[in-house]
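Got your viewer open and a selection tool ready? Let's take a walk through this one, stop by stop.

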Amino acid sequence: MKNHPEIELKNLSIGYKERRGEATVISGIEASLCSGELTCLLGPNGAGKSTLLRTLCGFQPPLAGDVRVAGRNIMDYSEKELSKIIGVVLTDRVILNNVTVRQVVEMGRSPYTGFWGRLGSEDCELVDEAMALVGITELQNKAMSSISDGERQKTMIAKALAQSTPVIVLDEPSAFLDYPSKADLMRLLAELARSKGKTIFQSTHDLDIALQTADKIWLLDRDKGLTIGTPDELSDNGELGRYFDRDGLVFRQEDRRFEVTV
């Protein structure tokens, strides 16, 4: 399966409009996200990771430049059109009372089910498959209010999978998971990208796992801007060390791991 750019960022500036003007976080971004690849966005807190994710999902407009999705400016899409292309999992805690896990996953089919939201047999199969992929089938009849934060996060990921979009964007999807579950999730995302040709883009603080599973790494920093490469490239050219080395933390280039020094 030949990889091709699904999302392209052209001379992109991201940030916020304020009463006294614009607050630019990063400017001049040139990058692309390709089908069949898992791309991980790394960077320190405050670097603008969430702002970048929200901009390339169409949740906030760019300050300058373009986000192009399937060759078309993202601002030209309707919300319904975009919901069939990009599935999103954000860290924002959504209050969902009096609904079951299955009902939440079924919401991923809403772009396709019409006004009444009635699921056909194909929709139900996709919901079943999404829950099985993230390991929450046994939770499907439980109330969202009764499950753990980690189980809630898996449910929201299953909802995005059920949406059957070519692009999936996730903001720190493993934030509430234990380490084995983090590793399982990253393996799942990598497999979905490579076997189903999906474009998967996620921000994460799990540096070691990202370096072992991602096809591409985006390093984001307000001062250094955006640096892109494979884990091997960024390790060999010293960029990972330059981004993250500090007192008490050293990147070990020989085995692509971070070491805490005391």
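Leaving aside its neighbours within four places in sequence, which residues is Ile217 in contact with? Select Ile217 and bring up what surrounds it: you'll find Cys40, Leu42, Ala210, Leu211, Thr227, Ile228, Gly229, Pro231 and Leu234. Keep in mind as you click around that this is a predicted model.

Now widen the view. Ile217 is among the residues with the most contacts inside the largest nonpolar core, which has 47 residues. To see the others in that group, add Val105, Ile136, Ile200, Leu219 and Phe244 to your selection. Next, colour helix 6, residues 179-196: this helix gives the core its largest share, 7 residues. A bit of background here: in soluble globular proteins, nonpolar side chains tend to be buried together.

That isn't the end of the nonpolar story. Pick Ile7, Cys57, Ile86 and Val167, and you're in a second, separate core of 26 residues, which includes these four.

Cysteines are the next stop. How many disulfides does the count come to? The answer is 0. Try Cys34, for instance: the nearest cysteine sulfur belongs to Cys40 and is 15 Å away, and a disulfide needs the two sulfurs within 2.5 Å, so Cys34 is in no disulfide. Is Cys34 buried or exposed? Cys34 counts as buried, because its relative accessibility is 14% and the cut-off for buried is under 20%. Jump to Cys124 and you get a partly exposed residue, with a relative accessible area of 27%.

Now for some backbone. Most residues other than glycine have a negative phi. Select Asn11, in strand 1 (residues 5-18), and check its phi: the value is positive, near 45°. With the surface switched on, Asn11 counts as partly exposed, at 49% relative accessibility.

Then hop over to Glu172. Where is Glu172 placed? Look in the loop between strand 7 (167-171) and helix 6, the helix you coloured earlier. Glu172 also has a positive phi, near 50°, and at 22% relative accessibility it counts as partly exposed.

Last stop: the aromatics. Show the side chains of Arg72 and Tyr77 together. Arg72 lies over the face of the Tyr77 ring, at 4.2 Å from the ring centre. If you feel like hunting for ring-on-ring partners before you close the session, the structure holds 1 aromatic pair.

How values were computed. Residues numbered from 1 in each chain as written. Predicted model: local features only at pLDDT ≥ 70, side-chain atom pairs only at ≥ 80, totals over all residues. Heavy atoms only, no water. Phe/Tyr/Trp six-rings, centres within 6.5 Å; stacked < 30°, edge-to-face > 60°. Lys NZ or Arg CZ within 6 Å of the ring centre and 35° of its normal. Buried < 20%, exposed > 50% of the residue type's maximum accessible area, 1.4 Å probe, protein only. Core = buried A, V, L, I, M, F, W, Y, C linked by side-chain atoms within 4.5 Å. Helix = DSSP H or I, 4+ residues; strand = E, 2+ residues; numbered from the N terminus. Contact = heavy atoms within 4.5 Å.
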